[in-house]
Amino acid sequence: MYNYEFITLSEDETINLGHEIAKGLSPGDILAIYGDLGSGKTEFVKGICEYFKVEEIVTSPTFTIVNKYNASSSDNQLVLYHIDLYRIEKEIELLEIGFEEYLNDRSAITLIEWAEKTSLIPDNAILVKIFLDEDDDNKRLITIKSPKEFKIGM
Ligand SMILES: Nc1ncnc2c1ncn2[C@@H]1O[C@H](COP(=O)(O)OP(=O)(O)O)[C@@H](O)[C@H]1O
Ligand SMILES: [Mg+2]
């Protein structure tokens, strides 16, 4: 496992970090994103979507649970699934939304907000944890634990 730690001091820095991480992602990857409400999970996802040239407006799919974005990297088209589990109360609901099919879709990159709501995160997932700072409203500690290495120039 590779472990990384970043401090961001603004929304834009978190978006940039998402953009940098996205460079190392490929179809089949699953990102499990943990962190309190307002910690910056969606901002991080926005950065990933920016790198993959997603044209839709990226917001937490709070009511739909899952947003599907058409994306591209260099010449290849791919799909990004953006899942928000905030409203999930029981794990059985995950079966209803076809959660496992998203996890098993090797042609897509799957980004999961509120990953703490499920025990189905696979062992090979990339774990992103975002921590608020007690003293500074704009500061975040972001840790990444990944089975693959990222080369991040920031
Ligand atoms: N360093 C930072 N990184 C990310 N967001 C930040 C940061 N500092 C302040 N913010 C603010 O925190 C909020 C994060 O919101 P959002 O990404 O929707 O959170 P979540 O999806 O985790 O609920 C935004 O209003 C953003 O402007
Ligand atoms: Mg969100």
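Two strands count as paired when DSSP finds at least two bridges between them. Keep that in mind as you explore this predicted model.

**Stop 1: the whole sheet**

Start by colouring the strands. You will find an open sheet of 7 strands, in the order S1-S7-S6-S2-S5-S4-S3, with mixed pairing. Its edge strands are S1 (2-8) and S3 (66-73), each of which pairs on one side only. Turn the view and look along the sheet: on average, neighbouring strands are turned by 20° against each other, direction ignored.

**Stop 2: the S3 edge**

Select S3 together with S4 (76-84). These strands run antiparallel and are joined by 8 bridges. Show the side chains of Tyr-69 and Leu-80: Tyr-69 stands opposite Leu-80 in S4. Now follow the chain through the hairpin of S3 and S4, where 2 residues lie between the strands. Pick out Ser-74 there, which takes a positive phi near 40°.

**Stop 3: from S4 to S5**

Add S5 (108-113) to your selection. How many bridges join S4 to S5? There are 6, and the two strands run parallel. For a landmark, label Tyr-81, which stands opposite Thr-110 in S5.

**Stop 4: S2, S6 and S7**

Next, select S2 (30-34) and S6 (126-132). The link between S2 and S6 consists of 4 bridges, and these strands run parallel. Here Tyr-34 stands opposite Lys-129 in S6.

Then bring in S7 (residues 140-146), which runs antiparallel to S6 and is joined to S6 by 6 bridges. Two pairs are worth labelling: Val-128 stands opposite Ile-144 in S7, and Ile-130 stands opposite Ile-142 in S7.

**Stop 5: helices on the sheet**

Keep the sheet visible and switch on H1 (residues 11-22) and H2 (residues 41-51). H1 lies across S1 and S7, running at about 155° to S1. H2 packs on the sheet too, touching S2, S3, S4, S5 and S6. The direction of H2 makes about 165° with that of S5.

**Stop 6: where the helices meet**

Hide the strands for a moment and look at the two helices alone. Are H1 and H2 parallel or oblique to each other? Their axes are 7 Å apart and the packing angle is about 45°, so H1 and H2 are oblique to each other. H1 passes H2 in a right-handed crossing.

To see the contact itself, select residues on both sides. On H1, the contact includes Glu-11, Thr-14, Ile-15, Leu-17 and Gly-18. On H2, the contacting residues include Phe-44, Val-45, Gly-47, Ile-48 and Tyr-51. Colour the contact by class and you should find 8 nonpolar, 5 polar and 4 charged residues.

**Stop 7: ligand 1**

Finish by centring on ligand 1. Which residues are the closest to ligand 1? They are Glu-11, Thr-14, Gly-40, Lys-41 and Thr-42, out of 18 residues that surround ligand 1. Both helices from the last stops appear again here, as H1 and H2 each supply at least two residues of the shell around ligand 1. Glu-11 and Thr-14, among the closest residues to ligand 1, also take part in the contact of H1 with H2. Colour the shell by class as before: the residues around ligand 1 divide into 2 nonpolar, 10 polar and 6 charged.

Technical notes
Residues numbered from 1 in each chain as written. Chains lettered and ligands numbered in written order. Predicted model: local features only at pLDDT ≥ 70, side-chain atom pairs only at ≥ 80, totals over all residues. Axes fitted to C-alpha atoms, helices over the stretch in contact; angles between N-to-C directions. Parallel < 35°, antiparallel > 145°, perpendicular 65-115°, else oblique. Left-handed = near helix turned anticlockwise from the far one by under 90°. Contact = placed C-beta atoms within 7 Å. Nonpolar A, V, L, I, M, F, W, Y, C, P; charged D, E, K, R; others polar. Near = placed C-beta within 6 Å.
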